[in-house]
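Q: Please take a close look at one part of this structure, its larger sheet, and then work outward from there. I would like each term explained once.

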Amino acid sequence: MQAWMLFACCVPVKGSRRSLIYDLQRGRYYFIPNALYELIKEHEGKPLELAKAAYKHEHDEVIDEYIDFLFRNELAFYTDTPKAFPKISMEWKSPYHITNAIIDSDASSNHPYDEIIRQLSELGCAALQCRFYDSVSADQLLTILAATQNSRLRSVELVLPYTPAITDEVLESLFVAQQRLNTVVLHSAPEASRQNKVKQNGAVIYLTEQITSAAHCGFISAAHFRTNIELFTESQLHNSCLNRKVGIDAGGFIKNCPSSERSFGHIQDTPITTAIKQAGFTQNWQISKDQVAVCRDCEFRYMCVDCRVFVTDDAYSKPSRCSYDPYTATWANEADDPQRKQFKRLEATTAD
């Protein structure tokens, strides 16, 4: 008899109230009952009839429905040689000291972007987010993007306040000027929307919320979830937000995150390499979701970007700005959050 198996990129994750299957190849996730999670863990890689027999054929109809769900969503397959299909490796490695960075800026900032980007490049940084809390001109943005031209950065994201001066033509010019630019987020906009710049493979996102300082950071929302193998494997043993991160706050102070209170020098007189070697800079890097109270029981724990800056009690407490309860599978204040309303509709369509 043939055995049934999940594809290696489809990984089940158990939560307190319900479970998920993460499709790490296609960037999707599917809600499943904990009973299906247990069926997968106990009987995957074996003939289906053995699973039915193990439950004394009392749940054959339910098991058939579960298996049909897996095959209908292309999450599983039949095989005569289950041992020929090993599980995906959960090992995460990076040769770089820093993989991602955030630079904050307001009206009083005077950052040496050329020098900061050069130092980040030497450390192997691949992703950079530049957040602006006050208006910035197109020329200033083009100058910053020009500094990334010969760097090792692979992606750049700009977070800007909305102004009528940032027209579609200006946005197009930014994407054309630097192909590393993949996203522009315009906050404080009159209405929320998203535009895909297909020709430049970028995206423009308009948000109505006002982002006026680093204090805005740390909110946990379903809209921020990311399902991919890199985040999934990194989250097994590392913090999904602060690991290998460096931040420059609006005042020029070097931190693990711009929202942190503790700094490790100023960019004008302290090399980033020196700052990250100081005691305490990496203390949160190894705090994984499986170590955090409540989070370790949450089905979203390997797709959620978890900041340890905003916590309720100690370094191992649930993020204070997360309103999701894995024990009831509900979000607080759901009616006031259109993003979570949309998420609820997604849940309804994937839980069939």
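A: The answer starts with the sheet, moves to what packs on it, and then turns to other parts.

This is a predicted model, in which local features need pLDDT of at least 70 and side-chain atom pairs count only at pLDDT 80 or more, while totals for chains, interfaces and linings use all residues. Residues are numbered from 1 along each chain as its sequence is written, and side-chain values use heavy atoms, with hydrogens and water left out.

Helices (H or I, at least four residues) and strands (E, at least two) are DSSP runs, numbered from the N terminus. Two strands pair if DSSP finds at least two bridges between them. In general, strands of a sheet pair through backbone hydrogen bonds, either parallel or antiparallel.

The sheet in question is open and is formed by eight strands in the order S10-S11-S9-S8-S7-S6-S12-S13, with mixed pairing. S10 (193-197) and S13 stand at its edges with a single partner strand each, so one side of each has no neighbour in the sheet. Within the sheet, strand S6 (residues 100-105) and strand S7 (residues 127-132) run parallel and are joined by six bridges. Across this pair, Ile102 stands opposite Gln129 in S7.

Helix H6 (residues 168-177) lies across strand S8 (155-161), strand S9 (181-187), S10 and strand S11 (202-206), and runs at about 150° to S9. Such angles run from 0 to 180 degrees between N-to-C directions; the axes are lines fitted to C-alpha atoms, for helices over the stretch in contact. Contact means heavy atoms within 4.5 Å.

Which residues of H6 are buried? They are Val170, Leu171, Leu174 and Phe175. Buried means under 20% relative accessible area, exposed over 50%, and partly exposed in between (1.4 Å probe, protein chains only). Seen down the axis of H6, the buried residues fall within an arc of 135°, so they line one face of the helix. The arc is that of the directions from the helix axis to the C-beta atoms. These buried residues are covered by parts that include helix H5 (138-147), S8, S9, S10 and S11. Glu169 and Val176 are exposed, on the face of H6 turned away from its buried side.

At the other edge of the sheet, S13 (254-255) is followed by a loop that leads to helix H8 (272-276), and Ser259 is found in this loop. Ser259 counts as buried because its relative accessibility is 13%. A polar atom of its side chain lies 2.8 Å from the backbone oxygen of Ala214. Leaving aside neighbours within four places in sequence, the contacts of Ser259 are Arg131, Ala214, Cys217, Val309 and Phe310.

Lys255 forms a salt bridge with Asp249, with the closest N and O atoms 3.1 Å apart. A salt bridge is a side-chain nitrogen of Lys or Arg within 4 Å of a carboxyl oxygen of Asp or Glu. Lys255 is buried, with a relative accessible area of 8%, and Asp249 counts as buried at 11%. Elsewhere, salt bridges that share partners join Asp23, Arg26 and Glu74 into one network.

The structure holds 14 salt bridges. One of them joins the side chains of Glu299 and Arg18, at 2.6 Å from N to O. Glu299 lies in the loop between H8 and strand S14 (324-325) and Arg18 in the loop between strand S2 (10-14) and strand S3 (19-23), so the pair ties together parts that are 281 residues apart in sequence. Glu299 is buried at 0% relative accessibility, and Arg18 is buried at 10%.

S2 and S3 belong to another open sheet, whose three strands come in the order S2-S3-S4 with antiparallel pairing. Its edge strands, S2 and strand S4 (28-32), each pair on one side only. Neighbouring strands here are turned by 25° against each other on average, direction ignored. Five bridges join S3 to S4, and Asp23 stands opposite Arg28 in S4. Helix H1 (residues 34-43) packs on this sheet and touches S2, S3 and S4, its direction making about 125° with that of S2.

One further pair is S1 (residues 3-6) with strand S5 (residues 76-79). S1 and S5 run antiparallel and are joined by four bridges, and Leu6 has Ala76 as its bridge partner in S5. In a regular strand the side chains alternate between the two faces of the sheet. In S1, Ala3 and Met5 point one way and Trp4 and Leu6 the other way, and all are buried.

Technical notes:
Polar contact = N/O pair within 3.5 Å; in protein donor to acceptor, adjacent residues only side chain to side chain.
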